[in-house]
Amino acid sequence: MSRVFNFSAGPSMLPEEVLKKAAEQMLDYEGSGQSVMEMSHRSKEFDGIIKETERLFREIMNIPDNYKVLFLQGGASTQFAAIPLNFMNGSGKADYIITGQWAKKAFAEASKFGNARAVASSADKTFTYIPKTVKSDFDPEADYVYICMNNTIYGTVYHEIPDTGDIPLIADVSSCFLSEPLDVTKFAMVYGGAQKNVAPAGVTICIIREDMLGRARETTPTMLDYKVQADADSLYNTPPCWNIYITKLVLEWIKGLGGLSAMKERNEKKAKILYDFLDSSKMFKGTVVPEDRSLMNVPFVTDSDELNAKFIKEAAAKGFVNLKGHRTVGGMRASIYNAMPIEGVEKLVAFMKEFEQANS
Ligand SMILES: *Cc1c(COP(=O)(O)O)cnc(C)c1O
């Protein structure tokens, strides 16, 4: 068996230990005589799985008791609509910071339901930086402020959370979930699709402060009403059982490595190897301003499209796959989520050095 180093932005690598454990338990989950894929979501086995997943989530992310943890479906993109439906119901206004495609899509969706305002944007420089904001930039009447914490396509991240005063802050953390400690108390809601850093595509995890619940407009589809989901402990209908189970295995893996502080250290070490090389290379260059660089997604370019294409092709032949950048940025992007081993980044950089020598 030979496994590749998969630098995909998502779905992305899962830890090998997790895949092995899932394989081991595939035919018979803990003596139940069945796979988690086959069991009733109302069974005592699954009840144990979902409760333990939530418990681990709370422990590892240090989530206070006045927050709900929901396991939903529809991906992050469904929350783009659910958020305004649930929360844009006071003044009907909401402030969005536009830091890339995902923020833009969330903003467009909210604009269908109310008065969404783009407070700041980094579109002027192809989203290569995080626009600075101060408290007075935000409308005190806004029902919430919305940010995309880590910008998967462009490779930027908020190293400092915007100060929104008393206005509830909501963040899409899809591509930085569980990558480092996060102070949940600074947010009214954080959420993310699983397929970048948590589990296979299919479960979306929403962490919502309880006082935010019960504000949904009457026409909100039942499935998108966070209060309905919270009151039913994410079991209003059949949840994505298998994905929740894999989430549990991933959380156990993270805990075994020492939790989110250890994860952060590991991720910083990995990212540094790549950024240090990009800063010293004459051929490859990072595209993001150094102070806003993501630990998870690292876009880079050469100054020639042919060379980019040649690099991507030769890298794939060596087992470094999915390095092609997003079509709106071009060049390359290495997504180095939690499950990417340090060895994967070291070997990629060694190959980049070789490629630079051979082609200059
Ligand atoms: C991938 C991604 C999304 C879209 O997620 P889906 O689950 O496919 O809807 C949204 N936001 C961010 C930051 C992402 O990385």
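**A mixed sheet, its helices and a few backbone oddities**

In this predicted model, 7 strands line up as an open sheet with mixed pairing, and the order runs β2-β10-β9-β8-β5-β3-β4. The edges are taken by β2 (residues 67-72) and β4, each of which pairs on one side only. On average, neighbouring strands of the sheet are turned by 20° against each other, direction ignored. Strands of a sheet pair through backbone hydrogen bonds, either parallel or antiparallel. For β5 and β8 the pairing is parallel, with 4 bridges joining the two strands. Across from Y146 stands I170 of β8.

Next come the helices that sit on this sheet. Helix α2, residues 44-61, lies across β2 and β10 (204-209), and runs at about 130° to β2. Helix α4 (residues 101-111) packs on the sheet as well, where α4 touches β3 (93-98), β4, β5 and β8. The direction of α4 makes about 160° with that of β3.

Further along the chain, two helices pack on each other. Two packed helices are described by the angle between their axes and the distance between the axes. For helix α6 (residues 241-257) and helix α7 (residues 259-280), the angle is about 80° and the axes are 7 Å apart. The pair α6 and α7 is therefore roughly perpendicular. On the α6 side, the contact is made by W253, I254, K255 and L257. From α7 come G259, L260, A262, M263 and R266. Sorted by type, the residues of this contact divide into 6 nonpolar, 1 polar and 2 charged.

A few spots in the backbone deserve a look. G10 and P11 are joined by a cis peptide bond, with omega at about -10°. P11 belongs to the loop between β1 (5-6) and α1 (16-24). Then there is T126, a residue other than glycine whose phi is nonetheless positive, near 50°. T126 is placed in the loop between β4 (115-121) and β5 (145-148). With a relative accessibility of 44%, T126 counts as partly exposed. L178 also has a positive phi without being a glycine, and here the value is near 60°. The loop that holds L178 is the one between β8 (169-172) and β9 (189-193). Is L178 buried or exposed? L178 is buried, since its relative accessible area is 2%, and buried means under 20%.

That leaves the cysteines. How many disulfides does the model have? The count comes to 0, on the rule that the two sulfur atoms must lie within 2.5 Å. Take C148: the closest cysteine sulfur belongs to C176 and is 7.7 Å from the sulfur of C148, so the gap is too far for a bond. For C206, the closest cysteine sulfur is that of C148, but the distance is 14 Å, so a bond is ruled out here too. As for accessibility, C148 counts as buried because its relative value is 1%. C206 counts as buried because its relative accessibility is 0%.

Terms used
Residues numbered from 1 in each chain as written. Predicted model: local features only at pLDDT ≥ 70, side-chain atom pairs only at ≥ 80, totals over all residues. Heavy atoms only, no water. Axes fitted to C-alpha atoms, helices over the stretch in contact; angles between N-to-C directions. Parallel < 35°, antiparallel > 145°, perpendicular 65-115°, else oblique. Contact = heavy atoms within 4.5 Å. Nonpolar A, V, L, I, M, F, W, Y, C, P; charged D, E, K, R; others polar. Buried < 20%, exposed > 50% of the residue type's maximum accessible area, 1.4 Å probe, protein only. Pairing = 2+ DSSP bridges.
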